[in-house]
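Colleague: Could you take me through one part of this model at close range? I would enjoy a connected account.

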2 protein chains.
Amino acid sequence: MTVQHHGRYGADAVRPVGDLRPCVESAVTRAIPAAREPVRAVPEAAVARLAVYLRVLTLMIEQGVTTISSEEFAAAAGVNSAKLRKDLSYVGSHGTRGVGYDTARLVEHIERLLGLARHHSVAVVGIGNLGHALANYPGFPDRGFPVTALFDIDEDLIGIPVGGLPVDHIDSMPAVCLERGVTIGVICTPPAAAQPVCDLLVTSGIRCILNFAPVVLQVPGDVEVRRVDLAVELQILSFHESRRCGNDEAAADPVGGIAVSR
Amino acid sequence: MTVQHHGRYGADAVRPVGDLRPCVESAVTRAIPAAREPVRAVPEAAVARLAVYLRVLTLMIEQGVTTISSEEFAAAAGVNSAKLRKDLSYVGSHGTRGVGYDTARLVEHIERLLGLARHHSVAVVGIGNLGHALANYPGFPDRGFPVTALFDIDEDLIGIPVGGLPVDHIDSMPAVCLERGVTIGVICTPPAAAQPVCDLLVTSGIRCILNFAPVVLQVPGDVEVRRVDLAVELQILSFHESRRCGNDEAAADPVGGIAVSR
DNA sequence: GCGACTTTGTTCCTGCGTTCACAAGCGGCT
DNA sequence: AGCCGCTTGTGAACGCAGGAACAAAGTCGC
């Protein structure tokens with residue numbers, strides 16, 4: 001993976017995300033006080049998968065599926081069925097034994113867990129090729145993330161509408177973000193500009209950042225950064241490819257001199 | 001995280017034993033010829049980080065840094081120094097005690113491990129907004145991944161040059177991929193087209209796929225798929241945001257249907 | 001040349017995440 | 001109504017990855 005999660009870099013970045021105690025609550029005490037769900041600590045990895053499940057579910061609903069078993073669901077999502085059930089248990093037990101899960105209800109609960117009840121406005125910074133594409137990306141608004149601000153430093157771009165939205169100068173970022181209630185910033189600038197832009201986003205009050213620049217950003221502890229490095233993705237594929245077809249690194253070794261006949 | 005890796009999800013694996021004896025295989029290193037160097041099992045997570053280290057290293061070299069300690073390096077890469085050293089040990093022990101690592105040599109060895117000695121040609125399928133951006137993305141060729149083929153199904157696009165490369169019709173994919181030695185396919189199509197396109201890539205002999213469509217692809221076991229779902233990234237950020245402030249999925253009572261406080 | 005300091009490489013340990021397997025629960029069938 | 005089979009939910013075991021600490025090793029100063 002590579003979309004690397006390191007909000008607070010270093011240290012325990014992978015700690016379970018939940019805030020409440022790791023509680024093993026006895027099944028008996030669960031008289032279902034509906035107001036207070038027993039929110040267990042949700043592992044980071046599970047959160048990522050839940051988002052995927054959500055996507056798969058909406059596709060299924062479109063196809064008219066109203067109920068699905070964990071086995072089928074797992075196959076569609078490409079995971080183990082036990083893992084899927086455990087992941088779903090983090091959002092609460094909403095399946096029906098002997099039957100499966102109600103797709104519509106499940107969507108509802110996952111969305112709630114992920115905090116999607118509230119729509120998050122997105123600002124895209126750096127309107128180059130990639131920024132352009134993201135500004136027009138239908139998957140963002142379709143899934144509850146309307147793009148409401150575009151920023152660039154290039155004077156020639158200011159005011160030009162991209163995807164129906166005019167580009168603003170980055171100097172106006174604090175004001176514009178506040179005004180439009182932006183909560184997520186997306187960085188699509190060249191590498192050198194990424195850190196300054198990041199700082200600017202932070203001072204604008206943004207605490208969630210999606211970074212496409214191949215740079216490790218330094219941010220305060222309360223800011224969450226996710227990095228998507230496209231070239232890194234390819235490099236990981238490259239690793240597997242070379243592993244698969246025996247193209248081993250030792251054979252190509254000019255230094256170590258152990259030329260291995262493979 | 002979301003770039004989901006699931007070519008073969010790790011089966012039974014043996015603990016990476018000490019050092020020198022070969023044939024300790026884990027899910028990652030299996031399927032390699034024997035008779036080799038002490039290539040230890042490299043965890044998937046470590047591969048991803050190594051790619052990041054590579055990027056950080058090249059930046060440092062540009063700045064004239066020739067030697068670096070694990071401590072500084074770790075800070076720049078945003079990881080724990082012990083973890084970094086362990087990761088680097090997977091590529092072999094090339095540091096100098098009391099001094100640190102030689103940046104140039106390190107780059108060389110990491111590139112070898114990742115199989116970057118050989119350049120991988122990339123084909124982009126689906127020349128919409130995102131496909132356009134990726135075809136022009138400088139980070140691909142800069143890091144050893146030249147884009148050598150573009151495909152779309154839209155007749156109006158065929159022949160049009162994008163980033164200096166004319167678009168081909170997907171029907172010609174097998175021939176073109178073979179001719180140009182394409183090893184990696186990138187899917188930027190709408191969701192509905194992703195699976196058919198994926199099948200086409202596989203029959204064209206491509207075994208490494210980077211998928212930007214929000215769909216879980218079904219592929220044969222020997223094909224490696226990595227998924228980058230942009231909306232999922234935002235959803236994960238959304239989760240953390242809602243956790244941080246007002247974590248109110250409990251307040252938004254599922255049953256009672258109490259209005260969510262916005 | 002020798003000692004001391006610095007930094008690596010590794011080993012051990014702890015903890016999370018995944019998987020297995022089974023009991024509990026629900027619907028359908030007779 | 002009661003039984004049977006199916007599916008969920010979870011307790012427990014296992015394997016893997018991360019973190020701390022230490023020993024080997026090499027360099028710099030004297």
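In which order do the three strands of the open sheet in chain B lie, and is the pairing parallel or antiparallel?

Modeller: Happily! This is a predicted model, in which local features need pLDDT of at least 70, side-chain atom pairs count only at pLDDT 80 or more, and totals for chains, interfaces and linings use all residues. Residues are numbered from 1 along each chain as its sequence is written, with chains lettered from A and ligands numbered from 1 in the order in which they are written.

The order is S1-S3-S2, and the pairing is antiparallel. Strands here are DSSP E runs of at least two residues, and helices are H or I runs of at least four, numbered from the N terminus; two strands pair if DSSP finds at least two bridges between them. At the edges, pairing on one side only, are S1 (67-68) and S2 (95-96) of chain B. S1(B) meets S3(B), residues 100-102, over two antiparallel bridges, and B:Thr67 has B:Asp102 as its bridge partner in S3(B).

H4(B) packs on this sheet, touching S1 and S3 of chain B, and its direction makes about 70° with that of S3(B). Contact is counted when C-beta atoms, placed from the backbone, lie within 7 Å. Angles run from 0 to 180 degrees between N-to-C directions, and axes are lines fitted to C-alpha atoms, for helices over the stretch in contact.

H4(B), residues 103-113, also packs with H1(B), residues 44-62, at about 150°, their axes 10 Å apart. These two helices are therefore roughly antiparallel (an angle over 145 degrees). Among the contacting residues are B:Leu50 and B:Tyr53 of H1(B), and B:Leu106 and B:Ile110 of H4(B).

Key. Parallel < 35°, antiparallel > 145°, perpendicular 65-115°, else oblique. Contact = placed C-beta atoms within 7 Å.
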